[in-house]
Amino acid sequence: MALDAGVRGEQISFSYGTSAADFNNDGWVDLYVSNRAAPPYMFINNGDGTFSNKYAVSGVPLVTNNTSIAVADFNHDGWVDIFSGGDFGPQGGNITNQFSILMLNDGGSNGYLTVNLIQPAPNKRGIGSRLEVWKDGVIQLRDITAGDGFTSQNMDFSAHFGLGTASTIDSLIVKWPDGTRDRLLNVAANQHLFIEKGGQLNAPPTPFEVYESATVTQPGKAEANFYWEASSDPEGKPITYVVTVKTTEGKIIFESDPIETPYLTAEFEVDRDSFEYRWVVTATDGLHIRRSLNEARSFNVTGDSVEEEGIPSELSLTSTYTNPFTDQLSVDLNASVLENGVLEVIDLLGRVLISQKIAFKVIGPQRVGVDTASIPGGAYLVRLTTKSKSVQAVVIKI
Ligand SMILES: [Ca+2]
Ligand SMILES: [Ca+2]
Ligand SMILES: [Ca+2]
């Protein structure tokens with residue numbers, strides 16, 4: 001039957017992952033096949049019981065050796081995209097992921113409908129449900145599954161339908177796992193629906209943007225003000241927000257508790273070798289999560305006294321606190337770069353008696369404590385060395 005339908009590869013292609021979806025949104029389910037030893041197959045459904053391999057005109061790049069695939073509308077534009085990853089290594093079965101690739105569907109003018117189901121726990125996303133889209137007596141079916149694909153999974157719990165040129169469908173029927181049904185009539189094309197059991201449509205929180213933040217910082221600790229546009233829920237459910245602060249590499253350094261106001265003043269530790277951060281806000285109505293439209297704007301963390309004193313020298317020992325000292329030496333430092341350094345206490349014969357690593361966590365003035373109980377009274381040299389500079393000062397222990 002597959003041969004009759006035109007779904008046929010070459011024996012030497014070594015086909016692996018296979019995923020079915022309506023990639024061109026024409027209402028007919030297509031088939032993407034990854035091959036180890038040949039370009040992929042993109043079998044487009046002709047709508048008459050046959051398929052044609054349209055790989056050559058599909059825009060899919062040449063990705064031989066990619067065996068695993070997972071398909072989903074990754075960028076939420078209504079067109080199903082393809083992730084293809086993995087490469088069987090020489091050991092046979094070792095996946096090296098050398099050629100992982102995300103292929104975003106360029107789309108076109110055909111319509112779509114994406115349906116997400118919501119029901120009470122534990123099966124919140126309605127796995128096992130069947131969806132029927134009816135248009136002019138023609139039916140399309142989708143099952144909500146918990147993942148398929150080969151050595152990867154399509155963990156998208158939504159169902160995607162291509163609608164061709166239709167601007168509405170006649171009815172959408174949900175057959176829930178417990179046998180109950182919901183039916184929605186005259187549903188418009190080109191939307192991502194969320195349907196709660198009982199047939200109630202539920203819309204996500206409205207889109208919103210974040211505003212520029214005002215930031216004040218003390219060494220080691222940032223205090224920042226965040227403001228954003230309020231979101232609202234079409235069903236009138238309460239909205240809660242979470243503020244997330246990330247490094248430019250995406251590492252999360254702060255995440256707020258859920259709050260109901262569209263602003264937040266927060267204090268958090270600044271803990272890495274960078275002083276540019278980004279922030280983003282997510283809003284939820286308890287069911288959906290809406291991320292702020294703009295990727296968070298960056299802000300700079302600066303030390304209070306650095307701003308007052310202007311640009312500091314690259315590194316300095318501004319003073320040695322309570323010099324002379326007893327069993328504890330406090331050294332005041334000023335750093336303009338975040339490098340690791342070593343603080344040494346050296347006696348007059350040049351012997352290093354104490355060596356202590358220092359990781360600068362903030363730019364600007366800061367104090368470092370050194371336990372000096374083990375060394376006798378006398379004059380010492382305190383030397384601070386980083387990758388780019390070395391500074392020193394004389395101190396007296398009494
Ligand atoms: Ca199709
Ligand atoms: Ca897409
Ligand atoms: Ca809602």
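A residue counts as buried here if 20 or more other C-beta atoms lie within 10 Å of its own. By that yardstick, 28% of the 398 residues in the protein chain of this predicted model are buried. The chain is mostly a matter of strands on paper: its secondary structure comes to 30 strands and three helices. Of the contacts with a separation of 6 or more, 56% link residues 24 or more positions apart.

Strand 3 (residues 41–45) makes a good place to start. Five of its five residues are buried, so the strand is largely enclosed by the rest of the structure. Side chains in a regular strand alternate between the two faces of the sheet. In strand 3 both faces are covered, with Tyr41, Phe43 and Asn45 buried on one side and Met42 and Ile44 buried on the other.

Strand 3 also has partners before and after it in the chain. Strand 2 (residues 30–35) runs antiparallel to strand 3 and is joined to it by three bridges, with Leu31 standing opposite Phe43. The connection between these two strands is a hairpin through five residues. On to strand 4 (residues 51–53), then: three bridges tie it to strand 3, again in the antiparallel sense, and Ile44 has Ser52 as its bridge partner there. The hairpin of strand 3 and strand 4 likewise has five residues between the strands, and in it Gly47 takes a positive phi near 80°.

Further along the chain, four strands make up an open sheet, ordered 10-9-12-13 with antiparallel pairing. The edges belong to strand 10 (138–143) and strand 13 (181–188); each has a single partner strand, so one side of each is left without a neighbour in the sheet. From one strand to the next, the twist averages 20°. Inside this sheet, strand 9 (residues 130–135) pairs with strand 12 (residues 168–175) over five bridges, running antiparallel. Arg130 finds its bridge partner in Lys175 of strand 12.

Asp233 is worth a look as well. This residue sits in the loop between strand 17 (221–227) and strand 18 (240–247). Even so placed, is Asp233 buried or exposed? With 20 other C-beta atoms within 10 Å, Asp233 is buried, and 20 is just what the cut-off asks for. Setting aside neighbours within four places in sequence, the contacts of Asp233 are Pro205, Ile239 and Asp285. Pro207 lies 26 residues from Asp233 in sequence, and the two are 9.9 Å apart in space, C-alpha to C-alpha.

Conventions:
Residues are numbered from 1 along each chain as its sequence is written. Chains are lettered from A and ligands numbered from 1 in the order in which they are written. This is a predicted model: local features need pLDDT of at least 70, side-chain atom pairs count only at pLDDT 80 or more; totals for chains, interfaces and linings use all residues. A residue is buried if 20 or more other C-beta atoms lie within 10 Å of its own, exposed if 12 or fewer, and partly exposed in between; C-beta atoms are placed from the backbone. Two residues are in contact if their C-beta atoms, placed from the backbone, lie within 7 Å. Two strands pair if DSSP finds at least two bridges between them. Axes are lines fitted to C-alpha atoms, for helices over the stretch in contact, and angles run from 0 to 180 degrees between N-to-C directions.
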